[in-house]
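Colleague: Got a minute to walk me through this one? I'd like to hear about the rings and what's packed inside.
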Amino acid sequence: MLCYAYWFNIVVHALLATLLMLRSPSSAAAAATSYFNSQHTADYSRLGPCNVEDQPLETLLLPEASGCGSYCRLSPRLHLPMSPNSSTTASNPSSSTAQASSTRCSAAFLPTVVFFSGFQLRSAYYTPYARWLASWGYVCVQYDLALFHIVPDEVELGYLPYLLDYLQHQPSIKGRLNLNRIGAAGHSRGGKLAALHLADDARVVAAFLVDPVDSGGNKSSSAARGSLKAVSATGRSAVQALAGKHKQAAIAGAGVSGPCNPQQRSSHAFFGVLGPGSWLEVVPAGGHMQFASVTSGVIGRALDWLCHAGHTSHEHVIELAAPALIAWMEAHLQRNPPSVHAAAVAPQVPVHMMQPAARNMVTSHSKQAVGLSQPAVDGLLGLQSFFEWVRKQQLAGEITFTVKPVTLQHT
């Protein structure tokens, strides 16, 4: 009996020691490994595991100090991730586990992306992106201004602090949104606004630009303030604002150019001033307005005629752009790595798409820094499933995909 009690005591203490080890700092590494493994297999070309709630908010009245002038109303709306039901989880087997999916969808501090609409375009035109983001565990914030009310860039840029403060005090979401580190995304002029926020605002740590169009940089224009000509001619140039700052961003651009996205002011101009590790995905058959979901057939056809369209559908172009949006936010916003692993390995680098010399530098540096094997390095770099999807789309001629080379110094 005494012998039995002795061994029972040993087993209990061993179990307690194991539990303590699981709750030690090494558990952070285990959690990180689990997250990276889920990234490795996640299929961002499909909606994620979360249910999505569309939540319009009450009108935000901007103060006069914002420079809003004669119209000081914003109409915000949110798309929120919600915990999946069993059928939702079963329909997307790419999720690592049901528990991981539930954690992603109902986290207490949700990553937040502000999506800026194109010039005079409604937030509803970008609902597919908002739903895609929310389905992968992000809160997507959008807003509408009064139709035909033209707001200069420098004024609208000042709206963001008021919007974030407004969100912090909304009872239904209070404390649920991480507004200290946010993502910015946008289409056309909205892409320009997202780029300017990336250049200026330290809270914006990730930006995804959907066929962005630059304007401004011409200080000599005599156009009246508030006119369309003034907005296009005298606003700040986002390309100039980003130049020399080595900021990383991802771009989904149109292969078809036209009056709405002239080549000298669109995706390639932005990509030229972005830092190493930035992405440029081009949809050869996509036109500028095909990145927006214009629900009215008449308006859609008119915009496609005006801006020029390729021989594919709006839905297909969005389906080609959205996976890169999620992958970029996963690498730059969702990851907030406390450990040496993610910091040393430069997670934004898609290793197998780089030139061999650059690949060798990255993997050599990574293994020196954290002592990892080659498979572990590839896993930490993550997003393998996404880049397999990229490879397939490239082979099918659906997209081209470029990554600015990254050079890492040995330590």
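Modeller: Sure, let's start with a charge: the charged end of Lys 404 sits over the ring of Phe 271, 5.4 Å from the ring's centre. "Over" here means NZ of Lys or CZ of Arg within 6 Å of the ring centre and within 35 degrees of the ring normal.

Colleague: Anything I should know about the model itself?

Modeller: It's a predicted model, where local features need pLDDT of at least 70, side-chain atom pairs count only at pLDDT 80 or more, and totals for chains, interfaces and linings use all residues. Residues are numbered from 1 along each chain as its sequence is written, and side-chain values use heavy atoms, with hydrogens and water left out.

Colleague: OK, how many aromatic pairs does the structure hold?

Modeller: 13. Rings of Phe, Tyr and Trp (its six-membered ring) pair if their centres lie within 6.5 Å; planes under 30 degrees apart are stacked, over 60 edge-to-face, the rest tilted.

Colleague: How do Phe 116 and Tyr 143 pair up?

Modeller: Edge-to-face, at 6.1 Å centre to centre with 85° between the planes. Phe 116 is in strand S4 (residues 110–116) and Tyr 143 in strand S5 (residues 139–144), 27 residues apart, so to speak a link between distant parts of the chain. Strands (E, at least two residues) and helices (H or I, at least four) are DSSP runs, numbered from the N terminus.

Colleague: Are Phe 116 and Tyr 143 buried or exposed?

Modeller: Both are buried, meaning under 20% relative accessible area; exposed is over 50% and partly exposed in between (1.4 Å probe, protein chains only).

Colleague: And why is the pair of Phe 386 and Trp 389 called stacked?

Modeller: Because their ring centres are 5.8 Å apart and their planes are at 25°. Phe 386 and Trp 389 are both buried too.

Colleague: New topic: which residues have the most contacts inside the largest nonpolar core?

Modeller: Leu 78, Tyr 159, Leu 167, Leu 242 and Phe 270, in a core of 51 residues. Such a core is a set of buried Ala, Val, Leu, Ile, Met, Phe, Trp, Tyr and Cys residues joined through side-chain atoms within 4.5 Å. There's a second, separate core of 50 residues, which includes Tyr 126 and Cys 307.

Colleague: Last one: why is helix H5 largely enclosed?

Modeller: Seven of the nine residues of H5 (residues 127–135) are buried, so the rest of the structure largely encloses this helix. Among the buried ones are Tyr 129 and Trp 132.
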